Amino acid sequence: TGLARVLPELMAAMERYSAGGDPDVFLEAYFTALGSAHPGFGGWLITILLGLASLMISTGLILFYIETVRTRKGGFGNLLDGLTKLPRVIGYNIMVFIFTLGWMMLPYLAMLALTFISIAMNSLALLYVGMFVCWAAMIVILVLLEIRYSQGMYFLLTRPEVGILDCITLSKQIMKPRKGEYFVLMLSFLGWSIGLYLMNLVLSMFGYLGVLLSLPL
């Protein structure tokens, strides 16, 4: 919802800048648009609670996979088993987020630099090309990081004696020679992912109720 508000405002700011040539107009509109995208306290609280519920369910789903493979006794109750492991899972996700954020800063800083250069050169073409290249780089980095950290949760949930950082390291080691194989596996679920994304997109139109309804998906 915030992104839907920001993009039209940014495009309008670029049009005003192109007409007047004043970079201060664009920068003021840019930061104003970003500020307006942030939800209030209630919005943040609901988002956090829904995020925790989603994290618990996704953790329980992994436990279901593990129990199904190991004992053939995986069941619906496994979805709630993630609650007891939530603190450790939260710690793991925080560390993965920090590492991901560090990698993502590279294309983001490049995009920011290209934005200021395009403003200085009064070139919308350079801005669009730069944004496309940087967004493409972000997608590639996210896919590689998804593969890199894909097995960390399995180590985290099955080997409680192993630390969080060690789980991340083990995942990196085991996936280093298997990036291509895992990428092909990810592509095999592309149809499901697109279908679920479209269903979630429709549900998101109903606000937080839609987000809650999308959790089972």
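**Reading the core and helices of a predicted model**

Biologist: Which residues of the largest nonpolar core touch the most other members?

Modeller: This is a predicted model, and in its largest nonpolar core, which has 23 residues, those that touch the most other members are V89, Y92, Y149, M153, L156, L157 and C167. Two or more residues of this core come from each of α3 (41–71), α5 (86–121), α6 (124–148), α7 (152–158) and α8, and the most come from α5, which gives six residues. To see one member's surroundings, take L157, which touches T59, I62, L63, I66, K85 and V89 once residues up to four places away in sequence are left out.

Biologist: Before going further, what is the mean pLDDT of the chain, and which elements have the lowest and the highest values?

Modeller: Confidence is read residue by residue, on a scale from 0 to 100. Here the chain has a mean pLDDT of 82, with 78% of its residues at 70 or more. Among the elements, helix α1 (residues 2–20) has the lowest mean, 61, whereas helix α8 (residues 164–175) has the highest, 95.

Biologist: How many helices and strands does the chain have?

Modeller: The count is 11 helices and zero strands, so that the order of elements from the N terminus reads α-α-α-α-α-α-α-α-α-α-α. The chain has 217 residues, of which 27% count as buried, and its accessible surface is about 14200 Å², with 74% of that belonging to carbon and sulfur atoms. Where contacts join residues at least 6 apart in sequence, 64% of them join residues at least 24 apart.

Biologist: How does the span of α5 agree with its number of residues?

Modeller: A helix is checked by allowing 1.5 Å a residue, which for the 36 residues of α5 should give 52 Å; the end C-alpha atoms are 50 Å apart, and therefore the two values agree. Even so, α5 bends by about 35° at M105, with a proline, P107, following within four residues. Among the buried residues of α5 are L86, V89, G91, Y92, V96, T100, M104 and P107. Just after this helix, N122 takes a positive phi of about 55°.

Biologist: Where is R72 placed, and is it buried or exposed?

Modeller: R72 stands in the loop between α3 and α4 (78–81), and its phi is near 60°, a positive value in a residue other than glycine. A residue counts as exposed when its relative accessible area is over 50%; R72 has 69%, and is therefore exposed.

Biologist: In helix α8, why is S171 counted as buried, and why is Q173 counted as exposed?

Modeller: Both S171 and Q173 lie in helix α8. The cut-off for buried is under 20% relative accessible area, so S171, at 0%, is buried, whereas Q173 counts as exposed because its relative accessibility is 52%.

Biologist: Which residues is S171 in contact with, leaving aside its neighbours within four places in sequence?

Modeller: With those neighbours set aside, S171 is in contact with R148, Y149, S150, Q151, G152 and F155. For S171 and S150, 21 residues apart along the chain, the C-alpha atoms are separated by 6.7 Å. Q173 and Q151, which are 22 residues apart in sequence, have a C-alpha to C-alpha distance of 9.9 Å.

How values were computed
Residues are numbered from 1 along each chain as its sequence is written. This is a predicted model: local features need pLDDT of at least 70, side-chain atom pairs count only at pLDDT 80 or more; totals for chains, interfaces and linings use all residues. Side-chain values use heavy atoms; hydrogens and water are left out. pLDDT is the predictor's confidence in each residue, from 0 to 100. A nonpolar core is a set of buried Ala, Val, Leu, Ile, Met, Phe, Trp, Tyr and Cys residues joined through side-chain atoms within 4.5 Å. Buried means under 20% relative accessible area, exposed over 50%, partly exposed in between (1.4 Å probe, protein chains only). Contact means heavy atoms within 4.5 Å. The expected span of a helix is 1.5 Å times one less than its number of residues. The bend at a residue is the angle between axes fitted to the seven residues ending there and the seven starting there. Accessible areas come from the Shrake-Rupley method with a 1.4 Å probe; for residues, only the protein chains shown count as cover.
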